[in-house]
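Reader: I would like a close look at one part of this protein. Please take me through its largest nonpolar core.

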Amino acid sequence: LVETPVGGVASASWHAEAGDEPQCLAAHGRTADLTVLGRAGDGDKVALHLMETVLLESGRPLLIAPAIARPSIGRHIAIAWKDSAAAARAVAAALPLLALAETVTIFAVQESSDTHHDSDSGTRLRDALSWHNSATILRVVPRTNHDPVEALLSVVEADGADLLVMGGYSHSRMREAMFGGFTRRVLLAAALPVLMA
């Protein structure tokens, strides 16, 4: 176990603390590169309140690990893109991983509930990320009668992604609604790690 910085060597430390779990994690997360939280072993329950508190109060990226470990993470990255500040923050937080990935696929899911849809934003993101990783492509998932969450997860799985990058989308500015219906449903259903910021 290495607890002091050594160039090029992975390090870790262990710290146990009593208190309010969400607040303790958020406080420690503020000085960490990344906070990693897991799902319940049965895969049915996700501690959304804990994730929301850590995400909003740490100011740092959050990686939600799947209930079952994957053989790789970050080789084939999918981005759930929506023309929003939340999605832009998630992409910015993932930039070091995106630069190293073998492939990066931006998925722009067209939702019937979108009141503001900038059809060029996905193209602009692809062009910008291509400066960091030339293996970046854009796939627009057309609006259908199917559920947008199911459509997104279906194409992400078919693409072979091992990490999903997305923002915490909400249609309300209230803190309690930070994880809107789309985000909650992705977190409940996704079988791969999800990186949020």
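Author: Start with a term: two residues are in contact when they have heavy atoms within 4.5 Å of each other. Now apply it to this predicted model. Take the contacts in the protein chain with a separation of 6 or more: 76% of them join residues 24 or more positions apart.

Next, the layout. The protein chain has six helices and seven strands. Read from the N terminus, their order is α-β-α-β-β-α-β-α-β-α-β-α-β. The chain holds 197 residues, and 40% of them are buried.

Now the core itself. The largest nonpolar core has 28 residues. Val156, Leu164 and Val186 touch the most other members. Several elements give two or more residues to this core. The helices among them are helix 2 (48–58), helix 5 (148–159) and helix 6 (181–189). The strands are strand 2 (62–65), strand 3 (76–81), strand 4 (103–109) and strand 7 (194–196). Helix 5 gives the most, with six residues.

Zoom in on Val156. Leave out residues up to four places away in sequence. Val156 then touches Ala78, Phe107, Ala161, Leu164 and Leu192. Leu164 is thus on two lists: it is a partner of Val156, and it is one of the three core residues that touch the most other members.

There is also a second, separate core. That one has 17 residues, including Leu98, Ala101, Val104 and Leu129.

Last, the outside. The protein chain exposes about 11100 Å². Carbon and sulfur atoms supply 55% of that area.

How values were computed:
Residues are numbered from 1 along each chain as its sequence is written. This is a predicted model: local features need pLDDT of at least 70, side-chain atom pairs count only at pLDDT 80 or more; totals for chains, interfaces and linings use all residues. Side-chain values use heavy atoms; hydrogens and water are left out. Helices (H or I, at least four residues) and strands (E, at least two) are DSSP runs, numbered from the N terminus. Buried means under 20% relative accessible area, exposed over 50%, partly exposed in between (1.4 Å probe, protein chains only). Accessible areas come from the Shrake-Rupley method with a 1.4 Å probe; for residues, only the protein chains shown count as cover. A nonpolar core is a set of buried Ala, Val, Leu, Ile, Met, Phe, Trp, Tyr and Cys residues joined through side-chain atoms within 4.5 Å.
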